[in-house]
Each structure stands twice: as C-alpha cells, then as structure tokens.
Amino acid sequence: MERAMERQKILLRHLNPVSSSNSSLKHEPSLLSPVNCVSEVSPMAAFGDDIVIVAAYRTAICKARRGGFKDTLPDDLLASVLKAVVERTSLDPSEVGDIVVGTVIAPGSQRAMECRVAAYFAGFPDSVPVRTVNRQCSSGLQAVADVAASIRAGYYDIGIGAGVESMSTDHIPGGGFHGSNPRAQDFPKARDCLLPMGITSENVAERFGVTREEQDMAAVESHKRAAAAIASGKLKDEIIPVATKIVDPETKAEKAIVVSVDDGVRPNSNMADLAKLKTVFKQNGSTTAGNASQISDGAGAVLLMKRSLAMKKGLPILGVFRSFAVTGVEPSVMGIGPAVAIPAATKLAGLNVSDIDLFEINEAFASQYVYSCKKLELDMEKVNVNGGAIAIGHPLGATGARCVATLLHEMKRRGKDCRFGVISMCIGTGMGAAAVFERGDSVDNLSNARVANGDSH
Amino acid sequence: MPVFKAPFNGYSVKFSPFYESRLAVATAQNFGILGNGRIHVLELAPGAPGVTESVSYDTADAVYDVCWSESHDSVLIAAIGDGSVKIYDTALPPPSNPIRSFQEHAREVQSVDYNPTRRDSFLTSSWDDTVKLWAMDRPASVRTFKEHAYCVYQAVWNPKHGDVFASASGDCTLRIWDVREPGSTMIIPAHDFEILSCDWNKYDDCILATSSVDKTVKVWDVRSYRVPLAVLNGHGYAVRKVKFSPHRRSLIASCSYDMSVCLWDYMVEDALVGRYDHHTEFAVGIDMSVLVEGLMASTGWDELVYVWQQGMDPRAS
C-alpha cells in the first residue's frame, strides 16, 4: 500500500504542480481526488518551496591549543568549508544571497570582519554579504535556521549557514563570565546566567540523579563510536581536508600539514581511567574533563535553497529543513535544553519524538546528554551514532553546522530506513535549540541496508 | 476507425516497425496505482474498421511502457511498475513468456526505448532517478546513468546517432548523453516543472521536443539550447507524451491529462493544427506509424485504444 501512495503522490504532482495556482479539475477520476490523496500523503509531501540542503561539509575538529588547527586562524578555517560548498556543487558563488556564520567567543565586530575576509578567501565576490549570529552553543544551527527562514521569506534564493570557532585563538574566560552590571546579583535567575557551564552540569547531575558512572559510560561510548567512524572512513564524506601549517612551540619552525581527521578522539578511553579524574567544578561532584566536551577548533558550512531551484540546477538533495525551535529553561540547569526543545521542534514539524530515526544531540556535558536521552526515552542506537562532542570536540559556534553535515550524511548512508533526523543543543544562560530534518532524495545505493553496528552492550 | 477496449487502463501504445497492422499496448489495473498489468498485441483488420487481439501477457504489476525490437519482428520489451524489465517473444504462447526478465531498477520503470540504428540495445528510465542501457546479448545492464535528481520519465535514442540519447526528468532537466562519455554531454533546464516526455526530430538530429507538467510542449535545438525554438501552448493540463512524426519534419503529436491528443506544426505561426478529444479519461499514450503515413494511435485511462488517420475523427465508424 505504501507503493500505491507513492504512485498517487507522483501522479498528483503532475496534476497539481508545485507552486502553481490550483484550478479545479473538471473530469478528475473518482479514485484520485487531490484533496483526499494529499491528506493521505501527509505528513511530509515534497513541495517545490521546501527549503533543502544540497551540501553540508565540515573541517576536522581539533583540540584547542594542542591540535592540528592550533596555528590556523579562524578565517582560514571558515574559508575552507565556504569554498567547498560552492566548489562541490559547481554553484556560481555570486548566486549566494547571504552567508550567515554562527560564532561565539571572539569579540563580535572582530569576528564579523574575519568572516567577511573568509568569504573573500573562498572566492566570493563583493556582492555576497556576510553576517554572524551568536546564540551560544547553538549558533551554527541558528545560522542554518536563519538562512532557511530568509529563503522562505523571499529575501534571497540561495544561502549558506555556517559556523566557525577557534578556541585556540580565543578563550573562554576561565572563571566563568563576569557580568558588568552589579544588579545581576539582585536577580537569582540573572545571577545564574553567569554560572560557569561546568557548575550547571553538576546541577543537572545532582537534581536529576545522573550518576558519575552513567556520565563516564556515555563518554566511553562517544569515543568508541567516533573511533569506529574514523576507522571505517565514514567521515570522509563530510570532512573537508584543510591544508594549513603547524608551528613548533620551541623552535617556531613552521610545517605544512593537511588536517582531515578529528584529533581529540581517544579510542582507548575506558571506565577505569575516567574514574581517576578529579571533579574540577565541585568537590565530590561528577563532571570531569573526561566526561565533558572538549575545547576545540573547527568550522562547518551548509548550502540551502528551495527544492524547485535545486531540481532546476540538477543538484542532489541531501536533506529537507523541516522545523526549528528554541525554548527557554532555567539557567542553573541549562543542560536540560534539548529535552524541552526537541519535543517543541518535532511538534512544529507535525511529528512525534518517536517518529525520529536519528539524533545528533550535543554532548556539552555527559550529564545533560544522558538526562536528555532518558527524559525523552530515546533509543541510544539512534543517538550520536558516530560519536559526539565529548569525543569529537565542541567548537562552540561551529557545532550546529558540524552536526548538520554529520546527520545528513549518516541519513544518506542509511537510506530509506532513516527518514527524519533531529539536531539539538543546550544553550548557555538557559535555552535549548532543536531542528528537524528529512532525508533528501539522494540516498546511497544500499537503500534498505542497516548499517552494521559493531557496538554491543 | 479501429477501437480496442482493454480491461485495464492504457499507458502506452506502439506500432510495430515490421508490420503495418500490428500494435502493442501497455496497460495497468487501477490506473497503475495498485494491481496487475497486461500487454496486448493487436492486429488491425485489413481494409475494415476492426481490431483484434492476437495475444496478451499478464504481469504482476503495472506495465508503464512497451517497445518493439528493431531487429526481431516478434520481440517486445516492457517497462514494469515493480522495477523489472521483461522481454517477450510474441511468436511464443503466454506460458513461454517472458523469455527474459531483469530486476535492476530500484523503483518503477517508466519508459523503454529500442535503439533504431544499432538495433542491439535498449534504454529504460525509472523513478529511481536512473537510466539504464541494456544489450540484447547481456545478462545485466551495460551501464547506469545517474545524474538525474528525480524520476526519469523518458529516455529516447537519437534517430541517427546510435550512441546518443536524451532523457527527460521530474528534476526539470532534459539531458543529452553519449554512451561513450562518462557523464551527460548537455543539460537543458527545459521547463520550470517536471518534464514528462521527450522525443527527437526524425529529420534533424539536433532537434528535440519536451513536454511538461507546465502544460506546454517545447522544441529545442541543441546547437542553441538557451532559448527554445518554439513553445506550444494549448493543453489544459500536464502533457504526458510527445512524439515527432516520422513522415513530416515539423509535425508533433502530444497527449495530455486534459484528455486530448494534439497535432502541432512547430514551424508555422498557428502551431496547433489538430485536436482530437476522443478520450474520456487522461490520454497517456501516443504513437505515429512509421510504415503508414498519417496513421496514429492513442490510448488512455478510459481503457481504450484508438487507431485513426490524421484529419479523421477517431470515433468515426
């Protein structure tokens, strides 16, 4: 019966072509009433004005100050992925209506300038504007959502949502943020916005009963999955090799290198070693350097346009942007954000959480990641299947775009078995962001093959 | 004029290249949405307005297209909804058929076209976004062409160059291919909506026609593909099939979901030179005889196959 519905859908598109004005059919065959068929085809019929992703790429993610990008400047990082999305689709760069870049730590004006510089490095002409967006850890995803919304609003036809962070170049203040306004101390929730992120992780663990063992186990799993993904070569589809340099800290000698592998992954991570680590945010707490995300450098970029334009250009459709939601939560337990945002985004898309086949949930800290998955009763075989930020790293502004590349390429590999995916992050100061994507038309040949999963519990 | 009533809805009709009086018809149960299919081989009675069925073959799924071999007078090839491509020998009874079946396409096969010059190969196009090249002496497809991003509704050989074909797709592109090249040699964004059919001019090997969901037929010259040579307006719904005449250089036949068959001369100002409204449901199959000038056949979801002479009323008896 599914095949019959698919055939009806294809036929209906001949009769009610996308984006044309509807005229009533005078002699329609009774079996095919467009109204009835369209309602049966729901929830996700394909329409020409869908916003689709035709390319999504990222750099490798490397350890800040010690990894492969420690001497690479952020504009060089960003330029590599901006260049990739237009080169690999043979798109004329001048057709891009805007480049929106998620980025968090650098001073705002400085980073906006660097992103414009990156666009020139990547070959974009004067006519293509650039702007930044900062919604903390979800900035890269917010950039993608902003581009999707702008295309839908008709501001332009093609846009790039990107993200970049160089935590080698720019540092998070060590003791947490310092509000400039002393009145923040008078409002408890305002004061909680200033808490170091690690403290919020401890709050989540304590309040919701996430144990140290659960957190360490999540960390081990993240590293194991990431190592397997690297070893299998899966990530080559999404990662753009970056030609850059590395400087010897003592001799100052420069050496040319090409970085194409995430270098924060520890394949040998295990419970015994993790148990030895001190809890640095709270005495007798549970959050450690080992079960928290890594401070990293990296970039990602996503090319979006309307489906009708992608079809006209003959571009394979990697995914469809279906919905996006940001929800507020208590700042002191900001990590629960995904548990609130994911149901909001799926609802906007007309789906239930149980309809989702694959998740990328940022592992800012194991505590909030474990809590979010338990709260939503997610099947862990569907979450962060190629590792997460604990293993790969969390370059704050780039993570959202990185997750789009990771999610859509994995959905493509899984083919027809995997139709909807979700990306979500918690956000400092107390928010969660989530987006729902649908698999595009371009799937790998083994369309019903289940990915062989070597993991066993 | 001969009329044949089929038990299922018609999808395609093809004149035999060897016998003036023979046609093959592809049909599908329940409008091709769900159920079985059947291929009919019809004979036109000489001199009289009758048509008889000489043989028929049942299939487990819809038959969306059928074509005759250009090298064996009794061989038919069918494009089936279950993704299979089947070869029939009409000289053999139904229990001996199909003589071969290929199961390579991942989704519905929409069209099949035999190579008229080399006579040893054929193309199929599918909703799996691919076109496949087959040789009669090979057990599997020779090549798969994968550039389209949506259903490929038609793939058709160039009438003079044995290695060249065109494909029409729901991704709104018309592509020209040379089987000796790794990729398409030309991409024409021919319509703003899905392209449902294409056909080459029989007298000028650089000219093609496309038909679309946008209700138009467009005529293209690959030597100057930026702008169409002609845009033919007149159909009230998507144009399902388009066919160039084998006898007159600029004559085109088309059939549409508006239930009509139209004749066009794209080189004259008032291009619509004939309109036939004999079908009472979607008209989805059209062909013009190579052997008898002006002889046309059409089929549609009204389960009828009409054969008539241009200029006459198909329903006249």
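In this predicted model, R88(A) lies over the face of Y57(A), 4.8 Å from the ring centre. Chain B offers a charge over a ring as well: the charged end of R38(B) sits over F8(B), at 5.1 Å from the centre of that ring.

Rings also meet rings. Searching the whole structure turns up 18 aromatic pairs over all chains. Take F145(B) and F165(B): their ring centres are 5.0 Å apart and the planes stand at 75°, which is over 60 degrees, so this pair counts as edge-to-face. The two partners come from distant parts of the chain, with F145(B) in strand β13 (residues 143-145) and F165(B) in strand β15 (residues 164-169) of chain B, 20 residues apart. F165(B) pairs with W157(B) too; here the centres are 5.7 Å apart and the planes at 70°, so that contact is edge-to-face. As for accessibility, F145(B) comes out at 1% and is therefore buried, while F165(B) is buried at 0%. W157(B) is buried as well. Elsewhere, ring pairs tie Y11(B), F31(B), Y64(B), W127(B), Y257(B), F282(B) and W301(B) into a cluster.

On the backbone side, chain B has an open sheet of 4 strands, ordered β1-β28-β27-β26 and paired antiparallel. The edges are taken by β1 (3-5) and β26 (283-288) of chain B, each with a single partner strand, so one side of each has no neighbour in the sheet. On average, neighbouring strands of this sheet are turned by 15° against each other, direction ignored. Looking at the β1 edge, 3 bridges join β1(B) to the antiparallel strand β28 (residues 304-309) of chain B, and F4(B) stands opposite V305(B) in β28(B).

Methods: Residues are numbered from 1 along each chain as its sequence is written. Chains are lettered from A and ligands numbered from 1 in the order in which they are written. This is a predicted model: local features need pLDDT of at least 70, side-chain atom pairs count only at pLDDT 80 or more; totals for chains, interfaces and linings use all residues. Side-chain values use heavy atoms; hydrogens and water are left out. Two strands pair if DSSP finds at least two bridges between them. Helices (H or I, at least four residues) and strands (E, at least two) are DSSP runs, numbered from the N terminus. Axes are lines fitted to C-alpha atoms, for helices over the stretch in contact, and angles run from 0 to 180 degrees between N-to-C directions. Rings of Phe, Tyr and Trp (its six-membered ring) pair if their centres lie within 6.5 Å; planes under 30 degrees apart count as stacked, over 60 as edge-to-face and the rest as tilted. Buried means under 20% relative accessible area, exposed over 50%, partly exposed in between (1.4 Å probe, protein chains only). A charge sits over a ring if NZ of Lys or CZ of Arg is within 6 Å of the ring centre and within 35 degrees of the ring normal.
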